[in-house]
Amino acid sequence: MTLDRRHAWHPYAPLPSSVSSVPVVGAEGVTLELADGRQAIDGMSSWWAAIHGYRHPVLDQAIRDQLDHMSHVMFGGITHPPAVSLVQSLVDIAPEGLEHVFLADSGSVSVEVAIKMALQYCRGIGESKRTRLLTVRSGYHGDTLACMSVCDPINGMHSMFSEVLPPQLFAPAPEPRFGEPFTPEHIAEFESTLVSHRQSIAAVILEPIVQGAGGMRFYAPDYLRAVRQLCDEHRVPLIVDEIATGFGRTGMLFACEHAGISPDIMCVGKALTGGYLSMAATLCTPEIAAGVNAAESGALMHGPTFMGNPLASAVALASIQLLLSRPWQAEVAAISRRLDEGLTPLLDHRAVRDVRILGAIGVVETVDEVPLESTQRLLLERGVWLRPFGKLLYTMPPFVSSEHDITTITSAMGDACEAM
Ligand SMILES: *Cc1c(COP(=O)(O)O)cnc(C)c1O
């Protein structure tokens, strides 16, 4: 694998690379097949995406069937059944009021589109001075330029670009944590920032309930409800980024359902295609769409080459139908219970600062940084694939994981803490 180390960039990695990546030659069910013959349970679901596991017969078949018709055709001036059916399905399952769908090619692009929708909306309603975004600390919204501007400015992995990014407004990270009582104090600084900058704010953007790559934090639904109320009161569009949380991961189909709210604009990605192909979507309300159309362009000014890719659309539709046909809520609840049984006892460990579980997400926050290489080696010896970062050792396994799969993951996580 010296060619890989010499030529291929990996996420957030140097090149040439000093460390070898793990060669994987196949994947089936919840298991990755390593080139050396070993197997590992994928406790990451390939970064939240592979909710049904790998080589699922229904998803494989959906791609094969679509391949027999066409793998791709442009979406400019052309439409096709897979995209139309997918859009219809997304509107059906999305929180109330989200009726329009832009099919994007990755999560970051869907966030860019959401931001452009908000900016065009403000121009359309004659308030073109509203160009800034209000967000919260500890957020993560992707790696492209506008996305980076709303990631946490310090731990969002992009601090070195701060001088070229549009300066946005940041309120403190949402509090209290999930399950703890909310008081008006918790939203006070968000509210004062919103009120004092109202004339310049195009939209509020945040991840609902779960902040993912910015810290794996779970916060109280009441906080999100308060944000929704303030956005209504001050007529500021609310963008929720459900790219990590969408499609059942938190125990609800979409995390904003924990708060019983609907956003004005919503991004989905990651698990949209069950982890098969890159696709994301930005949904919005008719009111936002009307504002967008009223801007001088008269249209939403975005159009990726591979927009609405038929293969990705077909497998996304199949993945949604498969999810809804399964007792997914019971599966996620069972995983949640097992993560709790396996991980909560680690709280007593001297290397562990905090343990938190929500839906099919289990997080162990350690006192010191998790040593990446030695920890991954140990986990692989235990038959588990995880990708810790910073002080976070965490898992979001496929929904099809068995009881044994989950206990294998949690006991390997315990061993990793032991080794620290
Ligand atoms: C992963 C992620 C993104 C970016 O999606 P990509 O497909 O990697 O571009 C944006 N927002 C959140 C919350 C994410 O978890």
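These legends walk through several close-up views of a predicted model.

Residue numbers start from 1 along each chain as its sequence is written, and side-chain values use heavy atoms, with hydrogens and water left out. Because the model is predicted, local features need pLDDT of at least 70 and side-chain atom pairs count only at pLDDT 80 or more, while totals for chains, interfaces and linings use all residues.

**View 1. Confidence along the chain.** Let's start with pLDDT, the predictor's confidence in each residue, from 0 to 100. The chain has a mean pLDDT of 97, and 100% of its residues reach 70 or more. Helices and strands here are DSSP runs numbered from the N terminus (helices: H or I, at least four residues; strands: E, at least two). Among these elements, strand S11 (residues 265-268) has the highest mean pLDDT, 99, and helix H1 (residues 2-7) has the lowest, 91.

**View 2. The ligand and its surroundings.** Which residues are around the ligand? They are Ser106, Gly107, Ser108, Tyr140, His141, Gly142, Glu207, Asp241, Ile243, Ala244 and Lys270, where being near means having a heavy atom within 4 Å. This shell splits into three nonpolar, five polar and three charged residues. For that split, Ala, Val, Leu, Ile, Met, Phe, Trp, Tyr, Cys and Pro count as nonpolar, Asp, Glu, Lys and Arg as charged, and the others, Gly among them, as polar.

**View 3. Polar atoms at the ligand.** A polar contact is a pair of N or O atoms within 3.5 Å; within protein, one must be able to donate a hydrogen and the other to accept it, and residues adjacent in sequence count only if both atoms are side-chain atoms. The side chain of Ser108 has an N or O atom 2.6 Å from an oxygen atom of the ligand. Over at Asp241, a side-chain N or O atom sits 2.6 Å from a nitrogen atom of the ligand. Lys270 joins in with a polar side-chain atom 2.6 Å from a ligand oxygen. On its own the ligand exposes 380 Å², and the protein buries 81% of that; accessible areas come from the Shrake-Rupley method with a 1.4 Å probe, and for residues only the protein chains shown count as cover.

**View 4. Ser138 in its loop.** Look for Ser138 in the loop between strand S5 (132-136) and helix H6 (145-150). Is Ser138 buried or exposed? Its relative accessible area is 11%, so Ser138 is buried; the cut-offs are under 20% for buried, over 50% for exposed, and partly exposed in between (1.4 Å probe, protein chains only). Contact means heavy atoms within 4.5 Å. Leaving aside neighbours within four places in sequence, Ser138 is in contact with Asp152, Asn155, Ala173, Glu207, Gln211, Gly214, Gly215 and Arg217.

**View 5. Ser45 and Ser46 in helix H2.** Ser45 belongs to helix H2 (residues 45-48), and with a relative accessible area of 0% it is buried. The Ser45 side chain makes a polar contact of 3.4 Å with the side chain of Arg249. Not counting neighbours within four places in sequence, Ser45 also has Ala50, Tyr54, Met396, Pro397 and Pro398 among its contacts. Ser46 is found in helix H2 too, but at 42% relative accessibility it counts as partly exposed. The phi of Ser46 is positive, near 45°, and this residue is not a glycine. Most residues other than glycine have a negative phi, and most peptide bonds are trans.

**View 6. Phe178, Pro176 and Ile209.** The loop between strand S6 (169-171) and helix H7 (185-196) holds Phe178, which is partly exposed at 30% relative accessibility. Pro176 lies in the loop between S6 and H7 as well, and a cis peptide bond joins Glu175 to Pro176, with omega about -5°. Leaving out residues up to four places away in sequence, Phe178 touches Ile209, Phe218, Tyr219, Ala220, Pro221, His258 and Leu358. Ile209 sits in the loop between strand S7 (201-206) and strand S8 (210-211). It is buried at 0% relative accessibility, and its phi is positive, about 65°, although Ile209 is not a glycine.

**View 7. Helix H12.** Buried residues in helix H12 (residues 372-381) are Thr375, Gln376, Leu378, Leu379 and Leu380. What covers them includes strand S2 (31-34), strand S3 (39-42), strand S15 (384-385), strand S16 (392-395) and helix H13 (403-419). After H12 comes Gly383, with a positive phi near 80°.
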